[in-house]
Amino acid sequence: MGKPTGFKEYDRELPKRRPVEVRIGDYREIYEPFPKEKLTAQAARCMDCGVPTCISGCPLGNLIPEWNDAVYRGLWKEAIERLGATNNFPEFTGRLCPAPCEEACVLAINEPAVTIEQIEKEIIEYAFAQGWIQPRPPTRRSGRRVAVVGSGPSGLACAQQLNRAGHRVTVFERSDRIGGLLRYGIPDFKMEKHVIDRRIDILQQEGIQFRVNAHVGVNLDPKTLKAFDAVVLCLGATVPRDLPLPGRELAGIHFAMEFLAQQNRINAGDDLGIERISAEGKDVIVIGGGDTGSDCVGTCLRQNARSVTNFEAAAQPTPDRPAHQPWPYYPMRLRTSSSHEEGGERHWNVLTKEFSGQDRVEALTTVEVRMHAQPGGPPRIEEIAGSERVWQTDLVLIAIGYSGPETHPLADRLGLRTTAGGAIATSTGYMTDTPGIFTAGDAHRGQSLIVWAISEGREAAREVDIYLMGKSDLPAKGCCDLPLIR
């Protein structure tokens with residue numbers, strides 16, 4: 001695979017990021033083009049390791065060594081065929097996935113891993129540039145109709161797989177544009193939205209129908225779904241976790257997704273029609289140290305915030321792999337995003353206690369904490385006496401994760417059961433207690449990664465196909481799909 005001695009001859013290298021002072025002046029993607037000769041060298045680093053644990057580290061079971069080898073040998077059509085065999089949307093994952101495959105790379109035991117995610121992105125973008133990615137409508141139709149509710153990565157993957165099986169698929173999206181979290185949750189500097197539009201155009205040409213502004217249970221009667229032979233709920237996990245603290249009712253305290261979605265709409269040229277949440281000239285505090293919090297930091301900096309401060313209640317991770325998370329597990333190590341590279345301050349072991357102000361938030365109070373692990377449960381939080389601090393702020397963004405899908409009023413109307421964690425419960429496979437109604441993605445497993453969403457969408461599609469037809473030619477996880485190109 002690749003060049004036998006490539007991992008000894010070439011260092012890990014990624015595309016350069018545009019200079020900070022340049023990129024915070026716009027919302028375009030942050031990376032500069034990557035020369036093909038450098039990409040070939042990176043693919044050459046893929047070892048003939050015998051047991052490619054990168055594949056097991058990927059929820060999609062991507063055939064990583066095979067397309068790395070094809071890139072090294074200049075066999076681009078073979079590379080895109082192998083990449084598309086397990087992944088419907090490598091242009092999404094190549095930009096947004098945290099790359100658990102790289103942490104599972106054999107080379108990562110004691111050296112920097114192969115740049116798997118970047119190679120993936122370059123393969124699909126080259127294929128698009130060559131005109132190889134074309135619509136592939138099915139040659140035969142089954143006569144069955146399937147409704148997919150939700151157009152995020154899970155819903156889109158499920159819809160494409162079901163369409164490939166010959167079923168007539170309609171995707172219902174409550175927003176005004178297709179894409180779900182990809183559209184309104186991911187900042188443009190991480191993925192410009194023409195990347196989504198390009199793929200949606202292909203899906204439409206393949207025969208998938210999309211209905212926007214169709215919020216099932218709100219402005220669309222759930223009885224509408226009874227006209228379909230099967231339904232797949234790919235609602236995402238969009239209920240934000242809140243901080244029910246004193247002063248929470250003050251103006252100027254918002255959930256992260258309210259803030260991020262507004263900026264994406266502005267970038268798309270929309271008139272919001274409501275008062276804009278703006279960080280311009282403000283002292284902003286972002287509560288939550290994950291990806292969403294990082295996205296808020298980058299967006300605030302582009303809005304010319306006076307200052308941006310990021311809190312995380314957990315302890316600062318170490319740069320190295322923790323001893324209790326050995327290879328090839330995905331480790332909780334310190335990661336510095338492009339947004340944190342651009343500015344702002346990060347603080348760990350900080351717990352917010354209350355908000356204060358007149359009508360609007362003017363300050364918040366925190367205390368430093370220690371986290372003590374407890375077997376089988378959440379950590380015990382110890383507040384450090386005398387560590388209270390008051391922070392002046394004009395805008396607070398809460399980015400501490402999501403508690404599950406918005407199932408009301410669908411759960412009652414469709415006879416669904418939810419888990420203790422708020423997800424939609426299933427009985428067998430991906431089917432709920434109601435025959436013919438399935439679920440996948442974050443609505444099924446809880447807040448997770450884009451690769452898990454696509455994987456679950458594919459798996460649920462196969463279960464639906466078996467339910468409708470008694471069998472399925474759609475691939476099981478880790479098995480190859482139809483060729484991506486002709």
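This report covers a helix pair, the nonpolar cores and the salt bridges of a predicted model.

**Helix packing**

Helix H5 (residues 64–72) packs against helix H9 (residues 116–129) at an angle of about 60°, and their axes lie 11 Å apart. The crossing of H5 past H9 is left-handed. On the H5 side the contact is made by Ile64, Trp67, Asn68 and Val71, which meet Ile116, Ile119, Glu120 and Ile123 of H9. By type, the residues of this contact are 6 nonpolar, 1 polar and 1 charged.

**Nonpolar cores**

Ile123 of H9 also appears among the residues with the most contacts inside the largest nonpolar core, together with Phe92, Val148, Leu162 and Val232. That core has 70 residues. Helix H18 (residues 450–469) supplies its largest share, 7 residues. Beyond its neighbours within four places in sequence, leucine 162 is in contact with Val146, Val148, His167, Val169, Val232, Ala461, Val464 and Asp465. Another core, of 17 residues, lies apart from the largest one and includes Val149, Phe228, Leu416 and Ile424. In soluble globular proteins, nonpolar side chains tend to be buried together.

**Salt bridges**

The structure holds 36 salt bridges. Three of them are listed here.

| Acidic residue | Basic residue | N to O distance |
|---|---|---|
| Glutamate 91 | Arginine 199 | 2.6 Å |
| Glutamate 103 | Arginine 321 | 3.2 Å |
| Aspartate 433 | Arginine 417 | 2.7 Å |

Arginine 199 belongs to helix H12 (residues 194–205) and glutamate 91 to helix H7 (residues 90–96), so their salt bridge ties together parts that are 108 residues apart in sequence. Both arginine 199 and glutamate 91 are buried.

Glutamate 103 sits in helix H8 (residues 100–103), while arginine 321 is in the loop between strand S8 (307–312) and helix H15 (338–342); the pair therefore ties together parts that are 218 residues apart in sequence. Glutamate 103 has a relative accessible area of 11% and is therefore buried, since buried means under 20%.

Aspartate 433 and arginine 417 both lie in the loop between helix H16 (410–414) and strand S16 (437–439), 16 residues apart. Aspartate 433 is partly exposed, with a relative accessible area of 39%. Arginine 417 is also partly exposed, at 42%.

Salt bridges also join into a network that links Arg17, Arg23, Arg302, Glu341 and Glu342.

Terms used: Residues numbered from 1 in each chain as written. Predicted model: local features only at pLDDT ≥ 70, side-chain atom pairs only at ≥ 80, totals over all residues. Heavy atoms only, no water. Axes fitted to C-alpha atoms, helices over the stretch in contact; angles between N-to-C directions. Helix = DSSP H or I, 4+ residues; strand = E, 2+ residues; numbered from the N terminus. Left-handed = near helix turned anticlockwise from the far one by under 90°. Contact = heavy atoms within 4.5 Å. Nonpolar A, V, L, I, M, F, W, Y, C, P; charged D, E, K, R; others polar. Core = buried A, V, L, I, M, F, W, Y, C linked by side-chain atoms within 4.5 Å. Buried < 20%, exposed > 50% of the residue type's maximum accessible area, 1.4 Å probe, protein only. Salt bridge = Lys/Arg side-chain N within 4 Å of Asp/Glu carboxyl O.
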